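User: Please take a close look at the pocket in this structure, and then set the parts around it in context. I would like the criteria behind each term to be stated.

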Amino acid sequence: MPRFFNRIAPGSPPVNATVHPLLWGTVGLWALIQLLTDLADAGLAPRIFEPWGVYYRFAFDNGDLQLAFAGRGIDPQMLWALVTHAFLHAGWLHLATNAAIFLAFGHGISHDAGIRATLVIFLLTAAAGALTYGLLSSEPGALVGASGGTSGFIGVFLCWRERWLARHGMARDQIWLMVGALAALNVMVAVGVDSSVAWQAHLGGFVVGWLLGYAVPPRRHRARSRARFL
């Protein structure tokens with residue numbers, strides 16, 4: 001049986017492939033925003049970058065969604081915040097964690113689906129994560145972070161890998177083990193391991209990412225015999 005992370009399955013770029021500049025640029029933008037808000041918080045950058053103001057304008061507030069459902073109208077800020085919240089982070093560790101996942105999975109997805117499709121997947125799954133957070137979260141609060149989008153990348157990757165294994169008549173137990181592990185981790189978060197983590201966004205991003213794995217199939221088909229599987 002081939003190893004789960006082998007180099008001929010979709011989502012696994014060639015060893016010599018470089019990460020697309022737009023992926024690096026996205027992470028760089030996250031870092032720039034974080035740096036500016038940190039400097040403004042310390043009085044070293046213009047006040048327009050102070051965290052509370054940036055969050056107010058660009059974070060996703062689930063209270064706005066609840067007001068919309070209550071018939072009180074849609075705040076235009078909520079519409080762009082479905083996406084812009086993914087470019088804000090609650091600190092450097094939060095940013096670094098999302099950046100590592102974004103680059104690792106985004107690299108493979110961009111190689112197989114193209115950079116435009118990859119960025120669209122990120123934005124759609126980030127928005128799906130925000131909406132899921134707004135629908136399932138019982139407490140009002142602002143959502144920041146790219147984890148809805150990075151969960152979407154994981155969903156696409158696992159969907160592609162599951163379909164590839166099924167197509168070749170191979171066991172998919174590793175796929176379901178990973179899905180179960182991700183579900184268990186989010187259940188632990190949901191019951192109180194870390195109440196600051198928006199498990200709802202992870203759930204929404206992952207599910208929509210999995211579905212997008214069907215809508216955006218990998219375009220690369222490297223024909224190699226099973227004897228060359230790693």
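Analyst: The account below begins with the pocket and then turns to salt bridges, a surface patch and several single residues.

This is a predicted model, in which local features need pLDDT of at least 70 and side-chain atom pairs count only at pLDDT 80 or more, while totals for chains, interfaces and linings use all residues. Residues are numbered from 1 along each chain as its sequence is written, and side-chain values use heavy atoms, with hydrogens and water left out.

The largest pocket holds about 1100 Å³ of space. Its detection works on a 1 Å grid over the protein atoms alone: a pocket is an open set of points where a 1.4 Å probe fits, with protein on both sides within 12 Å along at least five of seven lines, and lining residues have an atom within 4 Å of a point. Grid points are joined across faces, edges and corners, and the volume is the space filled by probe spheres set on those points. The lining comprises 37 residues, and those closest to the centre of the pocket are Val-189, Val-197, Ala-198, Trp-199 and His-202.

Several secondary-structure elements share in this lining. Elements are DSSP runs numbered from the N terminus, helices being H or I with at least four residues and strands E with at least two. At least two lining residues come from each of α5 (92-113), α6 (115-136), β2 (142-143), α7 (147-167), α8 (173-193) and α9 (199-215). Helix α8 contributes the most, with eight residues. By class, the lining of the largest pocket divides into 20 nonpolar, 15 polar and two charged residues. In this classification Ala, Val, Leu, Ile, Met, Phe, Trp, Tyr, Cys and Pro are nonpolar, Asp, Glu, Lys and Arg are charged, and the others, Gly among them, are polar.

Helix α7 also takes part in a salt bridge, a term that denotes a side-chain nitrogen of Lys or Arg within 4 Å of a carboxyl oxygen of Asp or Glu. The structure holds two such pairs. In one of them, Glu-162 meets Arg-172, with the closest N and O atoms 2.5 Å apart. Because Glu-162 belongs to helix α7 and Arg-172 to the loop between α7 and α8, the pair ties together parts that are 10 residues apart in sequence. Relative accessible area is used here to call a residue buried (under 20%), exposed (over 50%) or partly exposed (in between), with a 1.4 Å probe and protein chains only. Glu-162 is buried at 7%, whereas Arg-172 is partly exposed at 33%. The side chains of Arg-47 and Glu-50 also form a salt bridge, at 3.5 Å from N to O. Here Arg-47 is exposed at 66%, and Glu-50 is buried at 16%.

On the surface, Phe-69, Leu-135, Leu-136, Leu-203, Val-207 and Leu-211 make a nonpolar patch of about 600 Å². Helices α6 and α9 are the elements that give two or more residues to the patch, and α9 supplies the largest share, three residues. Patch members have over 30% relative accessible area and no salt bridge; nonpolar side chains (Val, Leu, Ile, Met, Phe, Trp, Tyr) are joined within 5 Å, and like charges within 9 Å. The accessible areas come from the Shrake-Rupley method with a 1.4 Å probe, and for residues only the protein chains shown count as cover. Within this patch, Leu-135 lies in helix α6 and is exposed, with a relative accessible area of 55%.

Single residues on the helices complete the picture. Trp-210 is in helix α9 and is buried at 14%; its C-alpha lies 9.8 Å from that of Thr-125, although the two are 85 residues apart in sequence. Gly-149, in helix α7, is buried at 0%, and its C-alpha is 16 Å from that of Ala-215, 66 residues away in sequence. Ala-100, in helix α5, is partly exposed at 46%; 25 Å separates its C-alpha from that of Arg-163, with the two positions 63 residues apart in sequence numbering. Trp-52, in helix α2 (residues 51-58), is exposed at 61%.
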